[in-house]
Amino acid sequence: MSQKIYSLLQHLIPELNAQKIPQDTKFYSFSEWLNQQHDFLHYIELKEYYDNGVEDDFYFNQHNIDTEQLQNEIEVAIAEVFDQYDEEDDEVSFDDQMDAMQQTEEIIFDKIKLVANQYQLSLLVIYRENPYWMLVPTQDEQQLNQIVDAFNDAFNDDGDLNMAVY
């Protein structure tokens with residue numbers, strides 16, 4: 001039942017309780033519901049990794065995280081990856097491009113998770129061509145897995161959306 005994801009998130013994130021649960025069962029409606037009043041869910045266009053939602057995240061803002069510093073750390077680490085490919089040869093293969101995108105994704109999520117863990121927040125990632133991410137107050141692993149399972153049950157009909165705890 002797609003409604004289960006909504007109740008699990010409302011229990012975990014009280015700010016979502018004031019919002020009406022959409023009747024539409026599409027992912028787009030879910031993402032709009034999550035971000036109706038606060039920015040919880042963020043999209044990353046991996047080729048434009050600097051536009052990753054870090055500055056807008058509800059919890060990062062609530063905890064006064066220095067998001068500029070976090071963005072700088074992400075940028076420096078990603079620049080090192082791209083410098084590595086630039087040094088190797090003039091023509092970057094498709095496999096190298098895919099590897100660079102995978103490393104970009106890992107760097108972003110590793111850096112976000114490192115900061116999030118300091119504030120008892122867990123990182124959930126929705127995998128697709130370009131991923132989405134959100135932070136939730138850390139709960140036990142069973143509760144996080146319930147959220148992941150409920151999301152995947154609700155939105156993984158065509159197989160292109162898959163949530164996981166990062």
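**Exercise 1. Place Val 81 in the fold and state whether Val 81 is buried or exposed.**

Solution. Val 81 is found in helix 4, which spans residues 67-88; helices (H or I, at least four residues) and strands (E, at least two) are DSSP runs, numbered from the N terminus. The model is a predicted one, in which local features need pLDDT of at least 70 and side-chain atom pairs count only at pLDDT 80 or more, while totals for chains, interfaces and linings use all residues. Residues are numbered from 1 along each chain as its sequence is written, and side-chain values use heavy atoms, with hydrogens and water left out.

The next step is the relative accessible area, which for Val 81 is 6%, so Val 81 is buried; buried means under 20% relative accessible area, exposed over 50%, and partly exposed in between, with a 1.4 Å probe and protein chains only. Once residues up to four places away in sequence are set aside, Val 81 touches Ala 100, Gln 103 and Ile 107, where contact means heavy atoms within 4.5 Å. Finally, Val 81 and Glu 45 are separated by 36 residues in sequence and by 17 Å in space, C-alpha to C-alpha.

**Exercise 2. Describe the overall architecture of the protein, beginning with how many helices and strands there are.**

Solution. The protein has 6 helices and 4 strands, and along the sequence they follow the pattern α-α-β-α-α-α-β-β-α-β. The radius of gyration is 17 Å, close to the 15 Å that the globule rule gives for 166 residues, so the protein is as compact as a globular protein of that length; this radius is taken over C-alpha atoms, and the rule is 2.2 Å times the number of residues to the power 0.38. Taken along the principal axes, the C-alpha atoms fill a box of roughly 50 × 40 × 25 Å.

Of the 166 residues, 43% count as buried. Among contacts between residues at least 6 apart in sequence, 53% join residues at least 24 apart. As for charge, there are 7 positive and 36 negative side chains, and the centres of the two sets lie 12 Å apart; Lys and Arg count as positive and Asp and Glu as negative, with His and the chain ends not counted, and each charge is placed at NZ of Lys, CZ of Arg, CG of Asp or CD of Glu.

**Exercise 3. Work out which residues of helix 1 and helix 2 are buried, and what they pack against.**

Solution. In helix 1 (residues 3-12), the buried residues are Ile 5, Tyr 6, Leu 8, Leu 9, Gln 10 and Leu 12, and they pack against helix 2 (27-34), strand 3 (132-137) and helix 6 (141-155).

Helix 2 is mostly covered, with 6 of its 8 residues buried, namely Phe 27, Ser 29, Phe 30, Ser 31, Trp 33 and Leu 34. These buried residues pack against helix 1, strand 1 (41-43), strand 2, strand 3 and helix 6. Tyr 28, also found in helix 2, counts as exposed at 56% relative accessibility. The side chains of Tyr 28 and Glu 32 are joined by a polar contact of 2.5 Å; such a contact is a pair of N or O atoms within 3.5 Å, of which, within protein, one must be able to donate a hydrogen and the other to accept it, and residues adjacent in sequence count only if both atoms are side-chain atoms.

**Exercise 4. Find the polar partners of the buried residues Ser 122 and Asn 152.**

Solution. Ser 122 has its place in strand 2 (residues 121-127) and is buried, with a relative accessible area of 8%. A polar contact of 3.1 Å joins its side chain to that of Thr 138. Leaving aside neighbours within four places in sequence, the contacts of Ser 122 include Met 134, Val 136 and Leu 144.

Asn 152 lies in helix 6 and, at 16% relative accessibility, counts as buried. A polar atom of the side chain of Asn 152 lies 2.7 Å from the backbone nitrogen of Met 163. Apart from residues up to four places away in sequence, Asn 152 touches Leu 161, Asn 162 and Met 163.

**Exercise 5. Locate Asn 64 and Gln 120, each with a positive phi.**

Solution. Asn 64, although not a glycine, has a positive phi of about 50 degrees; this residue is found in the loop between helix 3 (58-62) and helix 4 and, at 69% relative accessibility, counts as exposed. Gln 120, likewise not a glycine, has a positive phi of about 55 degrees; its place is in the loop between helix 5 (94-118) and strand 2, and at 54% relative accessibility Gln 120 counts as exposed.
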